[in-house]
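Subject: Structure for you to look at

Hello,

I am passing on the structure we talked about. Please open it alongside the notes below.

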Amino acid sequence: MSEFGFISGRLEIKFLILYIAARVAGPVPFEVLQELSMCDGGVDYFNFSECLADLVRTGHLGRDEQGLYAITEKGLRNSAATESSLPYTVRAQVEKNLVGCNEQLKRKALVGAKVEERQEGGFTVTLSMSDELDDLMNLQLLITRRDMALEVQKRFRANAEEIYSKILSILYEGN
């Protein structure tokens, strides 16, 4: 049973999900959509998951091979037409919650790190970083062990900006 909230029915939950999907910076997993949708006491897990499935079935949202959800053109049109029916306080809370989520999604899109096994042995770790205009760095490393390659990948994803700055600092030290 859902708590008291401004959202009062399945149709409004669908409007809320579309509102969020139209404003999130990229495709997101189920858990992110769920967390963002739980901004109102009128939304519970079961109604949320049923409404999400309905929106995918009706073509308002798409789901890619990785299981990430993204809004479709049909969903964008309907979201624009229905967003004003959501209570202002709910929209304001969604906007507030989206700030951190969108920052993480944008950073994830700008920082790349992948591990590929080489036929001749070892692993190639490709580390990349870009801004919104161009590539800043693209570095490939040969690492002998999978566990080491995965650790390099993990550390780069967590500290890409700092690593980039250190590389530049080392390269400019002599000048």
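A hairpin of 4 residues links β4 to β5. This is a predicted model. The two strands, β4 at residues 123-130 and β5 at residues 135-143, pair in the antiparallel sense over 8 bridges. Within that pairing, L127 has L139 of β5 as its bridge partner, and V125 stands opposite L141.

The hairpin strands belong to an open sheet of 3 strands, in the order β3-β4-β5, with antiparallel pairing. β3 (111-117) and β5 are the edge strands; each has a single partner strand, so one side of each is left without a neighbour in the sheet. From one strand to the next, the twist averages 15°.

Two helices lie across these strands. α5 lies across β3 and β4 and runs at about 50° to β3. Helix α6, residues 146-172, lies across β3, β4 and β5, running at about 155° to β3.

α5 also takes part in the largest pocket, which has a volume of about 400 Å³. Its lining consists of 16 residues, and those nearest the centre are P27, V28, P29, V32 and L105. Both α2 (30-37) and α5 (88-110) supply at least two residues of the lining, and α5 gives the most, with 6 residues. Sorted by class, the lining has 10 nonpolar, 4 polar and 2 charged residues.

Regards

Notes. Residues numbered from 1 in each chain as written. Predicted model: local features only at pLDDT ≥ 70, side-chain atom pairs only at ≥ 80, totals over all residues. Heavy atoms only, no water. 1 Å grid on protein atoms, 1.4 Å probe; cavity = no way out; pocket = protein on both sides within 12 Å on 5 of 7 lines; lining within 4 Å. Points joined across faces, edges and corners; volume = space filled by probe spheres on them. Nonpolar A, V, L, I, M, F, W, Y, C, P; charged D, E, K, R; others polar. Pairing = 2+ DSSP bridges. Axes fitted to C-alpha atoms, helices over the stretch in contact; angles between N-to-C directions. Contact = heavy atoms within 4.5 Å.
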